[in-house]
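Biologist: Please take one part of this model and describe it closely, in connected steps that a first-year student can follow. I should like to see how that part relates to the rest of the chain.

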Amino acid sequence: GFTVESDDIIGAFREGVCVGWTYGDPSGYTTVPAMGNDGSDYTSGYMLNSEVPEFYIYDASQESMSPLNPSSELPSWSNNEIFLIYGTTTNESWFMR
């Protein structure tokens, strides 16, 4: 299996737009922000209520990017919400070289 390293990056995306990212936490707890659309031009393309972000991981050691496939259904995005998601994910890599 894959173990996240401290230089790997986990990102949240909406229709190809990165709406948040963070470095992975090897201890197993990673907080990934997902920013929302507040109606301004700056946040155009960001999350809207009831949408579910897609998550990807960039594996720095392999220079590859993979979608994360959660083991359970993710909650939909909502303004000022914090969700704890437990479980494991699977991924399929594609290389960026």
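Modeller: In this model, which is predicted, Ala12 stands opposite Phe55 in strand β3. The part to examine is therefore the pairing of β1 with β3, because strands count as paired when DSSP finds at least two bridges between them, and β1 and β3 have 5 bridges, in the antiparallel sense.

The next step is to look at the side chains. Ala12 and Phe55 both belong to the largest nonpolar core, which has 11 residues in all. Its other members are Val4, Ile10, Val19, Tyr46, Met47, Ile57, Leu68, Leu74 and Trp77. Strands β1 and β3 each supply at least two residues of this core.

Aromatic rings add a further link. A pair of aromatic rings is described by how far apart the centres lie and by the angle of the planes. The model has 2 aromatic pairs. In one of them, Phe13 and Tyr56 meet edge-to-face, at 5.3 Å centre to centre and with 85° between the planes. Phe13 lies in β1 (residues 9-14) and Tyr56 in β3 (residues 54-59), so this pair, with its partners 43 residues apart, links distant parts of the chain. Phe13 and Tyr56 are both buried. The other pair, Trp21 with Tyr23, is also edge-to-face, with 5.4 Å between the centres and 80° between the planes. Trp21 counts as partly exposed because its relative accessibility is 45%. Tyr23 has a relative accessible area of 46%, so Tyr23 is partly exposed as well.

Strand β3 has another partner. Together with strand β4 (residues 64-70), β3 forms an antiparallel pairing over 4 bridges. Here Asp59 stands opposite Ser64 in β4. The two strands make a hairpin with 4 residues between them. In the turn, Glu63 has a positive phi of about 50°.

Finally, this part may be placed within the chain as a whole. The secondary structure comprises 0 helices and 6 strands, and the order from the N terminus is β-β-β-β-β-β. Of the 97 residues, 26% count as buried. Among contacts with a separation of 6 or more, 45% come from residues 24 or more positions apart. The chain exposes about 6,800 Å², of which carbon and sulfur atoms supply 50%.

Key:
Residues are numbered from 1 along each chain as its sequence is written. This is a predicted model: local features need pLDDT of at least 70, side-chain atom pairs count only at pLDDT 80 or more; totals for chains, interfaces and linings use all residues. Side-chain values use heavy atoms; hydrogens and water are left out. Rings of Phe, Tyr and Trp (its six-membered ring) pair if their centres lie within 6.5 Å; planes under 30 degrees apart count as stacked, over 60 as edge-to-face and the rest as tilted. Buried means under 20% relative accessible area, exposed over 50%, partly exposed in between (1.4 Å probe, protein chains only). Contact means heavy atoms within 4.5 Å. Accessible areas come from the Shrake-Rupley method with a 1.4 Å probe; for residues, only the protein chains shown count as cover. A nonpolar core is a set of buried Ala, Val, Leu, Ile, Met, Phe, Trp, Tyr and Cys residues joined through side-chain atoms within 4.5 Å.
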